[in-house]
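Reader: I've got a structure open and I'm not sure how to read it. Could you walk me through some features, giving the general idea and then the case here?

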Amino acid sequence: MGRSQESAKITPKANLILASGSQSRKEMLEEAGIAFDVVVSSADEENIKSKIASLKFEEQVVHLAKAKAEKVSFDNPSSVVIGGDQMCVLDNKLLHKPGSKEKAVASLKQLAGQKHFQHSGVCLFKNKKCVWEYSETVELKMHDLSEEEIINYVEMENPIHAAGSYKFESLGCNLFSYVNGSSHTVRGMPLIPLLNALRDLDIISLE
């Protein structure tokens with residue numbers, strides 16, 4: 001467990017843990033200047049997904065975020081634990097992280113010229129209890145990309161672990177004709193609502 005402090009300017013009043021291995025979520029908290037630890041949750045996501053599949057996607061992401069945070073909170077009850085989850089949805093169907101360049105190309109071919117949604121859930125746990133939860137959805141429309149553009153993008157960015165097969169925080173933002181919502185949410189975590197919650201709960205402050 002390593003503390004991320006290179007650019008940190010705000011030390012929380014309680015130890016803060018990000019219960020996620022997501023590089024994007026880690027970078028967003030670092031960009032916000034928050035000192036925190038990372039503990040990747042061992043929650044069985046696939047098992048949880050099978051149990052909550054009938055729920056709306058905006059509810060599923062909160063359930064998964066809470067499951068991740070709860071696992072870490074049990075081992076770190078005095079810390080404040082952040083849980084997060086994200087789902088990319090096209091035509092009411094979940095697009096999984098591709099895992100390979102070939103699947104990323106296939107996924108982006110499906111998304112090209114189409115409107116789709118990124119659902120992101122986030123929560124806070126302390127002493128094994130959820131003290132705050134939130135869900136946000138962003139609507140995006142991708143350019144009608146050519147096959148050459150898609151292949152070139154995948155070769156340049158290798159987005160095989162990204163929800164939707166694109167990294168919005170870098171080259172991926174060039175793929176879109178419009179985005180209706182927060183770029184933080186597209187990246188995997190509604191950052192401003194989270195920072196507001198941490199402030200309201202008197203965990204962070206600029207004092």
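Reader: Let's begin with C130: what is its relative accessible area?

Author: This is a predicted model, and in it C130 has a relative accessible area of 31%. That puts C130 in the partly exposed class, because the class runs between the 20% and 50% limits.

Reader: And how do I look for a disulfide?

Author: The general idea is that a disulfide is a covalent bond between the sulfur atoms of two cysteines. Here, searching the whole structure turns up zero disulfides.

Reader: Why does C130 have no such bond?

Author: Because the closest cysteine sulfur, in C123, is 5.1 Å from the sulfur of C130, too far for a bond. The cut-off that matters for a disulfide is 2.5 Å. Look from the other end and the closest cysteine sulfur to that of C123 is the one in C130, again at 5.1 Å. C123 itself is buried, with a relative accessibility of 0%.

Reader: How far should I trust the coordinates, say, what is the mean pLDDT of the chain?

Author: The general rule is that predicted coordinates should not be read in detail where pLDDT is low. In this chain the mean pLDDT is 93, and 96% of the residues reach 70 or more. Residues 1–5 are the place for caution: pLDDT stays under 50 there. For that stretch, the model has 16 contacts beyond four places in sequence.

Reader: Next, pockets. What is the volume of the largest pocket?

Author: In general, rolling a probe the size of a water molecule over the atoms shows where empty space is left. In this model the largest pocket has a volume of about 770 Å³. It is lined by 35 residues, and those closest to its centre are S22, K97, H161, A162 and A163.

Reader: Which helices and strands each supply at least two residues of that lining?

Author: On the helix side, α1 (23–31), α2 (45–52) and α6 (183–187) do. On the strand side, β4 (80–90) and β5 (93–95) do. Sorted by class, the lining of the largest pocket has twelve nonpolar, twelve polar and eleven charged residues.

Reader: Now a single side chain. Is L108 buried or exposed?

Author: L108 is buried, at 1% relative accessibility, so it falls under the 20% limit. You'll find L108 in helix α4, which covers residues 101–111.

Reader: What does L108 touch once its neighbours within four places in sequence are left aside?

Author: The contacts of L108 are M142, I150, Y153, V154, G164, S165, Y166 and L175. Take L175: along the chain, L108 and L175 are 67 residues apart, yet their C-alpha atoms are separated by 9.6 Å.

Reader: Where is S20, and what does it touch?

Author: S20 sits in the loop between β2 (16–18) and α1. It is buried, at 6% relative accessibility. Not counting residues up to four places away in sequence, S20 touches R25, V38, V39 and V40. C-alpha to C-alpha, S20 and S42 are 9.5 Å apart, with their positions 22 residues apart in sequence.

Reader: One last feature, the backbone angle phi. What is it for N92?

Author: N92 has a positive phi of about 65°, although N92 is not a glycine. N92 lies in the loop between β4 and β5 and is exposed, with a relative accessible area of 62%.

Reader: And where is D202 found?

Author: D202 is in the segment after α7 (191–200). D202 is not a glycine, but has a positive phi of about 60°. At 46% relative accessibility, D202 is partly exposed.

Conventions: Residues are numbered from 1 along each chain as its sequence is written. This is a predicted model: local features need pLDDT of at least 70, side-chain atom pairs count only at pLDDT 80 or more; totals for chains, interfaces and linings use all residues. Side-chain values use heavy atoms; hydrogens and water are left out. pLDDT is the predictor's confidence in each residue, from 0 to 100. Contact means heavy atoms within 4.5 Å. On a 1 Å grid over the protein atoms alone, a cavity is a set of points where a 1.4 Å probe fits but cannot get out, and a pocket is an open set with protein on both sides within 12 Å along at least five of seven lines; lining residues have an atom within 4 Å of a point. Grid points are joined across faces, edges and corners, and a volume is the space filled by probe spheres set on the points. Helices (H or I, at least four residues) and strands (E, at least two) are DSSP runs, numbered from the N terminus. Ala, Val, Leu, Ile, Met, Phe, Trp, Tyr, Cys and Pro count as nonpolar, Asp, Glu, Lys and Arg as charged, and the others, Gly among them, as polar. Buried means under 20% relative accessible area, exposed over 50%, partly exposed in between (1.4 Å probe, protein chains only).
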